[in-house]
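Biologist: Could you take me through this one? I would like to begin with the sheets and then turn to the ligand.

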Amino acid sequence: MHQLIKHLLHAQAPQEKVIVQGWVRTRRDAKGFSFFEINDGSCLANLQVVVNEGTPANAEITHILTGASVIIEGALVASPAAGQKWEVHASRVELVGPADASYPLQKKGHTLEFLRTIAHLRPRSNLFGAVFRTRSRLAHAVHQFFQERDFVYVHTPIITTSDCEGAGEMFRVTTLKGEPGEKPEDDFFGKPAYLTVSGQLEGEALACALSRIYTFGPTFRAENSNTARHAAEFWMIEPEMAFCDLAADMDLAEEFIKAMARHMLDHCAEDLAFFNKFVDKEVAARLQFVVERPFQRIPYSEAIQILQASGKAFEFPVRYGVNLQSEHERYLTEEHFKCPVTVFNYPREIKPFYMRVNDDGQTVTAMDVLVPGIGEVIGGAQREERPDRLQEQMAFHKLNPADYWWYADLRKYGTVPHAGFGLGFERLLMFLTGVSNIRDVIPFARTPKNADF
Ligand code: 4AD
Ligand code: MG
């Protein structure tokens, strides 16, 4: 295999013969030679190639335009130019696939909105190359974090017949054609089925056998919220631990976010410097801060008091019993505490049925981790492990216990206190890169009225 540009740029010594394969970012012509900037996506930096007049080539050099794919043979030599150690002096140029002047990614200055309309080509831009390399490295870091701590990676189903969050935001999966006379039991699974909103319920079954598990997979929500933080298809990481309470769950959540920030600082330096320069001038400092300082931890009731005492005119008025809106979450993290905050013990009414009811009978062992710039990145809880209380919770939330018989069974046989959380991978990426729209941290975003590509 040929060497990728990132390896050529980190070479220890000149090399007589190298092969570069990639896409042309720019070409400049001077008297007697041309300069090409080639990028292959392996790193942010381009490799400069100098092509002298008369170098063997299968096409006119002036016909090789921005966007074309090329293979270049040549020598890797020290570059006299500032800011780059090496350049290639071509001995042979091969145009593989031409591009013409209609190639949409000319020089720079494209808006993110425009780039979304060319989601098939935007990975060839500096920003999206950096985003998708970072996404890959962090996905690896997620597995590393949990594997090092003896969590077992489990695959929970994508098609499910239970609504984990009870919010009714599920996409229906069906083979029915909507023809007259069709009955629900004629459907493929014999009953209504959906794309999963969370692997948690199945994850609990596995945690109550393997002690520590995590999932990392796609989840789907038909929330009709067209915001910068909601996608209809997103990736969630869901650890679940048996013999675990809320405090240890919050500890893990905090440790996890810190580890991801650390990984970004240690392993994504070049792309991070790019984000810091062009996307969010505070992102690198923020990551350092996240790594070094403990998070704040407050009960929901205290969060409400702080918000009420803030004197802020919120769009959604604050009182005990309401869900925190993104404006409230952002006030807490950005203005009041100026750091990530974990809010716990929420009112029972506003959280799903599976959360453990506290001794006060009013609150449940929920916890949300809120971060500056985004709001909620993690939602989790200690689960209700007492069989009778679980039945009460289902009645309270008007769920049909028959739909959750197997989930209740986990409490009937060898029940244990257990806890876990879900982290939205795209929201984490937004936090760590400074990219402010969820559509720009996933290769092909799915949002209301948009499933192109
Ligand atoms: O808070 P949520 O709804 O929690 C659960 O689904 C639990 N079952 C998780 C668990 O305890 N195992 O979702 C978890 C996280 C949110 O904090 C958010 O980061 C992300 O998933 N999320 C979304 N990300 C992008 N687009 C959406 N529409 C999202 N909805 C939730
Ligand atoms: Mg939540």
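Modeller: Please note that this is a predicted model. One open sheet has eight strands in the order 6-10-11-16-15-14-13-12, with mixed pairing.

Biologist: Which strands are the edge strands there?

Modeller: Strand 6, residues 152-153, and strand 12, residues 296-299, are the edge strands. Each of them pairs on one side only.

Biologist: And how many bridges join strand 14 to strand 15?

Modeller: Six bridges join them, and the two strands run antiparallel. Strand 14 covers residues 363-371. As one example of the register, Val369 has Ile378 in strand 15 as its bridge partner.

Biologist: What holds such strands to each other in general?

Modeller: Strands of a sheet pair through backbone hydrogen bonds, in either a parallel or an antiparallel manner.

Biologist: Let us move to the ligand. Which residues are the closest to ligand 1?

Modeller: The closest are Glu165, Gln200, Glu223, Glu238 and Glu376, out of 24 residues that surround ligand 1.

Biologist: What is the make-up of that shell by class?

Modeller: The shell around ligand 1 contains nine nonpolar, seven polar and eight charged residues.

Biologist: Which strand gives the most to the shell?

Modeller: Strand 15 does, with five residues. Strand 11 (233-242), strand 15 (375-382) and strand 16 (418-424) each supply at least two residues of the shell. These three strands also belong to the eight-stranded sheet, where the order includes 11-16-15.

Biologist: How far is the side chain of Glu376 from an oxygen atom of the ligand?

Modeller: An N or O atom in the side chain of Glu376 is 2.6 Å from an oxygen atom of ligand 1. The backbone takes part as well: a polar backbone atom of Gly424 is 3.2 Å from a ligand oxygen atom, and a backbone N or O atom of Gly379 lies 3.4 Å from an oxygen atom of ligand 1.

Biologist: How much of the ligand's accessible area does the protein cover?

Modeller: On its own, ligand 1 has 630 Å² of accessible area, and the protein covers 94% of that.

Biologist: Which pocket does the ligand take up?

Modeller: The space taken by ligand 1 is the second largest pocket.

Biologist: Back to the strands. What is the order in the three-stranded sheet?

Modeller: The order is 7-9-8, in an open sheet with antiparallel pairing. Its edge strands are strand 7 (159-160) and strand 8 (172-173), each pairing on one side only.

Biologist: How many bridges join strand 8 to strand 9?

Modeller: Two bridges join these antiparallel strands, and strand 9 spans residues 193-195. Val173 stands opposite Ala193 in strand 9.

Biologist: Then the N-terminal strands. Which residue takes a positive phi in the hairpin of strand 1 and strand 2?

Modeller: Gly32 does, with a phi near 90°, and the hairpin has two residues between the strands. Strand 1 (residues 15-30) and strand 2 (residues 33-39) are antiparallel and pair over seven bridges. Within this pairing, Arg27 stands opposite Phe36 in strand 2.

Biologist: What about strand 1 with strand 4?

Modeller: Strand 1 pairs with strand 4, residues 69-78, over seven bridges in the antiparallel sense. Gln15 stands opposite Leu76 in strand 4.

Biologist: And strand 5: do its partners strand 3 and strand 4 run parallel or antiparallel to it?

Modeller: Strand 3 (residues 47-52) runs parallel to strand 5 (residues 86-97), with two bridges between them. Here Val49 has Val88 as its bridge partner in strand 5. Strand 4, in contrast, is antiparallel to strand 5 and is joined to it by ten bridges. In that pairing, the bridge partner of Ala78 is Trp86 in strand 5.

Terms used:
Residues are numbered from 1 along each chain as its sequence is written. Chains are lettered from A and ligands numbered from 1 in the order in which they are written. This is a predicted model: local features need pLDDT of at least 70, side-chain atom pairs count only at pLDDT 80 or more; totals for chains, interfaces and linings use all residues. Side-chain values use heavy atoms; hydrogens and water are left out. A residue is near a molecule or strand if one of its heavy atoms lies within 4 Å of it. A polar contact is a pair of N or O atoms within 3.5 Å; within protein, one must be able to donate a hydrogen and the other to accept it, and residues adjacent in sequence count only if both atoms are side-chain atoms. Accessible areas come from the Shrake-Rupley method with a 1.4 Å probe; for residues, only the protein chains shown count as cover. On a 1 Å grid over the protein atoms alone, a cavity is a set of points where a 1.4 Å probe fits but cannot get out, and a pocket is an open set with protein on both sides within 12 Å along at least five of seven lines; lining residues have an atom within 4 Å of a point. A molecule sits in a cavity or pocket if more than half of its atoms lie within 2 Å of its grid points. Helices (H or I, at least four residues) and strands (E, at least two) are DSSP runs, numbered from the N terminus. Ala, Val, Leu, Ile, Met, Phe, Trp, Tyr, Cys and Pro count as nonpolar, Asp, Glu, Lys and Arg as charged, and the others, Gly among them, as polar. Two strands pair if DSSP finds at least two bridges between them.
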